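This report looks at two surfaces in turn. The structure is shown first.

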Protein chains: 2
Amino acid sequence: MSREESRGRPATDKVGTICRALRRAIIEQALEPGAKLPEDALGERFGVSRTIARHALGQLAAEGLVELRRNRIAVVATPSWQEARDAFDIRIELERLVVRQLAGRLTKAQIAQLHAHVDAEDSARNGPDPISIRLATEFHILLASMTESPILIRYVSEIAYRCCLTLSLFSRPHSSECAINEHRMLIDALAKGDAEEVISLMHHHLDSVANRALVAQSRPRGRDIMDILAPYAEPLRPHAKAAG
Amino acid sequence: MSREESRGRPATDKVGTICRALRRAIIEQALEPGAKLPEDALGERFGVSRTIARHALGQLAAEGLVELRRNRIAVVATPSWQEARDAFDIRIELERLVVRQLAGRLTKAQIAQLHAHVDAEDSARNGPDPISIRLATEFHILLASMTESPILIRYVSEIAYRCCLTLSLFSRPHSSECAINEHRMLIDALAKGDAEEVISLMHHHLDSVANRALVAQSRPRGRDIMDILAPYAEPLRPHAKAAG
DNA sequence: GGCTGAGAAACTGCATGCACTTTATATGCC
DNA sequence: GGCATATAAAGTGCATGCAGTTTCTCAGCC
């Protein structure tokens with residue numbers, strides 16, 4: 001960890017800056033799913049050229065936060081309910097790896113850091129939903145980052161952001177108390193070092209989050225018109241629109 | 001799966017074309033880890049401008065196949081032994097999801113397709129190593145693609161490619177017979193539908209592959225000089241080279 | 001009034017050009 | 001000859017410009 005600072009903040013990494021900004025805006029729902037992201041506007045806003053903005057959009061698309069359609073304006077991704085479910089399934093497995101690796105191996109400083117983060121979640125509890133959702137997400141990313149496994153960190157972050165995005169789509173007014181409590185229990189179990197217990201707690205926790213959010217395919221708020229109307233659609237005439 | 005063709009082959013997707021080509025070249029070891037990838041050369045080779053080549057490199061870097069250092073020529077990634085180990089750990093979990101979801105749910109056509117692929121692996125057995133490694137990797141990707149879960153497919157593909165890359169770094173002359181046999185057993189178990197058995201088989205299979213490749217930190221062939229020399233380094237003088 | 005279609009505006013796809021950084025080469029010095 | 005330094009070559013970082021596509025706007029028509 002000496003000369004490999006590669007992922008730090010290399011001098012003036014404009015693309016990275018824009019990515020971070022957009023990522024945050026998206027998970028805080030400042031940019032809702034479906035929101036348009038024209039290269040020009042982005043570039044102008046961040047004081048760079050379209051080239052850079054475009055590159056950043058490409059990265060975000062690779063992470064699944066942005067949808068890129070040829071010759072069309074990029075938009076914030078709107079995951080389907082099924083994709084959300086899949087994302088959570090994957091996330092559960094990945095975070096299982098995280099806690100398995102971390103159980104009983106955290107330093108005092110790290111445990112303090114985790115507690116501090118949950119404290120922050122606590123203070124934000126009565127604030128706007130998006131903020132507490134973001135903080136909850138970042139708790140998991142903080143956890144992952146303690147594994148010091150770059151690959152695991154990247155995947156957990158990515159999938160956590162994606163889940164965060166779907167939360168904003170499907171979740172009702174967010175109820176964060178229980179989640180915060182579960183975070184605290186998680187920390188305690190990690191400190192105690194009982195791997196089995198931690199894994200079970202994490203599984204239960206993520207399952208709860210997913211279920212609180214995705215129960216019964218709750219009305220997909222910003223979803224595509226075609227999907228929303230699907231149950232209402234009477235077969236008029238085989239109109240051969242997208243028959244392929 | 002009607003109007004969402006987004007990831008198909010949109011008209012003339014130059015970036016995607018270059019990505020696919022490079023990806024394949026990398027996992028077939030036509031481009032070894034550490035190989036330089038100058039934007040100019042790439043652009044010229046594929047008949048596009050640097051802009052496009054650059055964009056493609058960005059995507060591959062996001063996948064972990066390419067390393068991008070500011071102001072320096074991009075190179076094919078050289079994962080460390082630890083990263084390789086981590087990658088396989090993650091892969092095991094992801095592929096567990098795949099087979100869990102697939103057990104007992106494959107159509108006859110799909111099973112035939114899988115058998116056909118293994119047949120191809122068989123024919124390539126006496127050919128060059130890189131080809132059989134690639135085919136073995138693609139078997140797993142084929143499997144993943146049958147889940148029809150875009151997220152899972154993407155993650156499994158990505159991690160499989162990464163593992164494939166590390167195989168080329170650490171593996172001794174590749175011995176593929178057993179892997180092929182394990183693939184066949186996997187298909188049979190999937191067809192039979194015993195989820196537990198399939199999961200166990202897959203776990204064992206991937207573990208074997210990882211161990212065959214990564215035993216005892218076998219000499220990292222193309223690794224960084226500094227790492228190779230680390231065990232030999234005597235503390236000369238605190239030269240304050242990269243003390244930060 | 002509502003629908004259709006032509007033209008304008010807005011955007012993306014991509015190549016090219018210039019400034020700056022790194023790397024390779026050659027020169028001078030000891 | 002061996003090492004440091006200057007200089008050229010190669011390469012990246014980024015902005016800009018043009019062509020082609022999509023989307024918006026509004027006049028014309030039923």
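## Surface near DNA strand D

This is a predicted model. By class, the surface near DNA strand D has 10 charged, 5 polar and 4 nonpolar residues. A:K14, A:S49, A:I52, B:R50 and B:R54 come nearest among the 19 residues around the strand. Of the atoms of DNA strand D within 4 Å of the protein, 69% belong to sugar and phosphate.

Polar contacts reach both backbone and base. The side chain of A:S49 has an N or O atom 2.5 Å from a phosphate oxygen of DNA strand D. A backbone N or O atom of B:N71 lies 3.2 Å from a phosphate oxygen of the strand. A:R50 places a polar side-chain atom 3.3 Å from a base oxygen. Two or more residues each come from α3 (50-63) of chain A and from α2 (39-46) and α3 (50-63) of chain B. α3(A) gives the most, with 3 residues.

## Domains of chain A

The domain assignment splits chain A into domain 1 (14-76) and domain 2 (81-217). Their centres, taken over C-alpha atoms, are 25 Å apart. In contact are 12 residues of domain 1 and 11 residues of domain 2. About 1100 Å² is buried between them, 68% of it from carbon and sulfur atoms. In domain 1, A:I27, A:E28 and A:Q29 lose the most area, together 47% of what that side buries.

## Contacts between the domains

The interface holds 1 salt bridge. A:R134 pairs with A:E28 in a salt bridge, with the closest N and O atoms 2.3 Å apart. Polar contacts link 2 residue pairs across the two domains. On the domain 1 side, α1 (14-27) and α3 of chain A each supply at least two residues. α1(A) gives the most, with 4 residues. That side divides into 6 nonpolar, 2 polar and 4 charged residues.

Terms used: Residues numbered from 1 in each chain as written. Chains lettered and ligands numbered in written order. Predicted model: local features only at pLDDT ≥ 70, side-chain atom pairs only at ≥ 80, totals over all residues. Heavy atoms only, no water. Near = heavy atom within 4 Å. Polar contact = N/O pair within 3.5 Å; in protein donor to acceptor, adjacent residues only side chain to side chain. Nonpolar A, V, L, I, M, F, W, Y, C, P; charged D, E, K, R; others polar. Domains from an automatic or database assignment. Contact = heavy atoms within 4.5 Å. Buried area = accessible area lost by both parts, 1.4 Å probe. Salt bridge = Lys/Arg side-chain N within 4 Å of Asp/Glu carboxyl O.
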